Amino acid sequence: MIEVLRQHIISRLGNDIDNLDTVLGYFKSLHIDRNQYLVEQGQVCKQVYFIAQGCLQVFVYDNDMNETTRDIVTEGSWCSELLSFGSGNPATENIRTVEPCELLAIDRQGFQKMMETVPQFDKVYKQILETSYANSVYRINTFIALSALDRIKWLMEFRPKLMTRVSSKLIASYLGINKDVFSRLKARL
């Protein structure tokens, strides 16, 4: 599993990375079953996760305990509750496994050492932050302007594998659509 992360880092930074094996040593391999929380609202997020295999849901509960999904994160991506991880403050979001997952986790201390040991990793970290921000802003801005049917079409065009990979309830939450409306509209396509 660590080889997947090695290749991910090399693809972003190139082959000439001093201390890469040292950095990879900061990561801990985790096998997490389906439907397990990695982070819960109100707890401090203590790790950043690289997804070698599997799928994670990033979401919040509203006052009625309904889930609103901000993101569905799959293989080859990073996931964390970055504000909590960086500040040590309680998390405002939950992160849960949607499928059994193979993850590589690094804690705050290891992350700091990694940034010091491999200064180029700062570039990867910036990419993580920029991607997270860009995805969130794009999704929010796009979804405000789109009808429910157009949101489903957007998903089918830009993230088609999710349609067969995760439940309709989760997709509806991600798209900001009632699950019954989602089912009816999906049937029309």
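**A sheet, a crossing helix and two pockets**

Helix α1 (residues 2-13) lies across β3, β6 and β8 (101-107), and α1 runs at about 105° to β3. Keep in mind as you look around that this is a predicted model. The three strands that α1 crosses belong to an open sheet of four strands, and the model also has two pockets worth a visit, with volumes of about 720 Å³ and about 370 Å³.

**The sheet**

- The strand order is β1-β8-β3-β6, with antiparallel pairing.
- β1 (28-32) and β6 (78-79) are the edge strands; each has a single partner strand, so one side of each is left without a neighbour in the sheet.
- Strand β3 (residues 47-53) is joined to β6 by two bridges, and here Phe 50 stands opposite Trp 78 in β6.

**The largest pocket**

- Its lining counts 34 residues, and those nearest the centre are Arg 70, Asp 71, Thr 131, Ser 132 and Asn 135.
- Two or more lining residues come from each of α1, β5 (67-74), β6, α3 (82-87), α5 (121-145) and α6 (148-158).
- α5 provides the largest share, 11 residues.
- By class, the lining of this pocket has 16 nonpolar, 11 polar and seven charged residues.

**The second largest pocket**

- Here 20 residues form the lining, with Glu 67, Arg 96, Ser 167, Lys 169 and Leu 170 nearest the centre.
- β7 (94-97) and α8 (168-175) are the elements that give two or more residues to this lining, and α8 gives the most, with four residues.
- The lining of the second largest pocket divides into six nonpolar, seven polar and seven charged residues.

Key
Residues numbered from 1 in each chain as written. Predicted model: local features only at pLDDT ≥ 70, side-chain atom pairs only at ≥ 80, totals over all residues. Heavy atoms only, no water. Pairing = 2+ DSSP bridges. Contact = heavy atoms within 4.5 Å. Axes fitted to C-alpha atoms, helices over the stretch in contact; angles between N-to-C directions. 1 Å grid on protein atoms, 1.4 Å probe; cavity = no way out; pocket = protein on both sides within 12 Å on 5 of 7 lines; lining within 4 Å. Points joined across faces, edges and corners; volume = space filled by probe spheres on them. Nonpolar A, V, L, I, M, F, W, Y, C, P; charged D, E, K, R; others polar.
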